[in-house]
Structure formats: C-alpha cells, structure tokens
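Dear colleague,

I am passing on a structure for you to look through, and my notes on it follow below. Please keep it open beside you while you read.

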Amino acid sequence: MDRVAKLASEKAVVIFSKSTCCMCHAIKRLFYEQGVSPMIHELDEDTRGKEMELALMRLGSSRAVPAVFIGGKFVGSADTVMTLHLNGSLKKLLKDAGAIWL
C-alpha cells in the first residue's frame, strides 16, 4: 500500500491501469481529452503489479483497475470517474489539483 500511496502522490492525476483493459483505455482517453497528462502505471507491465492490484482493491473499489487518484486522493474506478464527468464535478477536481488551468 505504501508504494501505491507514493506513486499516487507523484502527479496531479495518477491512473493505475492494465494495458489490455478496455475501461482503462476509455478512462485514460477521457483525461487526455480534458487536457490532462496523467501518470499511468500499467500493473500488468510491473513486476509488483499483482501486489499493487491487491492494495488497490483494499481501497474499496469493486475492481482494481482503472484506479484513479486526483491530487493524491483515491477518486474511484471507471464508474465513479464517469459519474463525476457527467455531473460536471470532475473539472473542478482537476482544477483544484492543478491538473488543468481553465
């Protein structure tokens, strides 16, 4: 869990993902389209990926990936991020974290 917390605090937006996950791809694309350049950690390409995946699941998400952190805080997985985007509150979180300016 310490490694996840350390990595999650390294940039305004951090996404833990798997390179073969279609929902991970969709969430990464959403952030790129918002003008955000997130730090991406592909768990299936990391030697400690399984360990981090278990730590992410302990955060309360039903699925380990995608796991999105904004401003060092766990926001949630794809369903939570999409809900925030659709209700307009994702932009505010991104601005508050310094991920976007406008």
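**A cavity and a helix contact**

The lining of the largest cavity draws at least two residues from each of two helices, α1 (2–8) and α3 (49–57). Please bear in mind, as you read on, that this is a predicted model.

To begin with the cavity, a search of the whole structure finds one cavity of 30 Å³ or more, and the volume of the largest cavity comes to about 30 Å³. If you would like to find this place yourself, look for Met 1, Arg 3, Val 4, Arg 48, Glu 51, Met 52 and Ala 55, which line the largest cavity. Helix α3 gives the largest share of that lining, namely three residues. When the lining residues are sorted by class, four are nonpolar and three are charged, while no polar residue is found there.

The other place I would point you to is the contact between two further helices, α4 (residues 78–86) and α5 (residues 89–97), which pack at an angle of about 100° with their axes 5 Å apart. Because angles of 65 to 115 degrees count as roughly perpendicular, α4 and α5 are therefore described as roughly perpendicular to each other. In this contact, Val 81, Leu 84 and His 85 are the residues on the α4 side, and they meet Ser 89, Leu 90 and Leu 93 in α5. The residues of the contact of α4 with α5 include four that are nonpolar and two that are polar, but no charged residue.

With best wishes

Key. Residues numbered from 1 in each chain as written. Predicted model: local features only at pLDDT ≥ 70, side-chain atom pairs only at ≥ 80, totals over all residues. Heavy atoms only, no water. Axes fitted to C-alpha atoms, helices over the stretch in contact; angles between N-to-C directions. Helix = DSSP H or I, 4+ residues; strand = E, 2+ residues; numbered from the N terminus. Parallel < 35°, antiparallel > 145°, perpendicular 65-115°, else oblique. Contact = heavy atoms within 4.5 Å. Nonpolar A, V, L, I, M, F, W, Y, C, P; charged D, E, K, R; others polar. 1 Å grid on protein atoms, 1.4 Å probe; cavity = no way out; pocket = protein on both sides within 12 Å on 5 of 7 lines; lining within 4 Å. Points joined across faces, edges and corners; volume = space filled by probe spheres on them.
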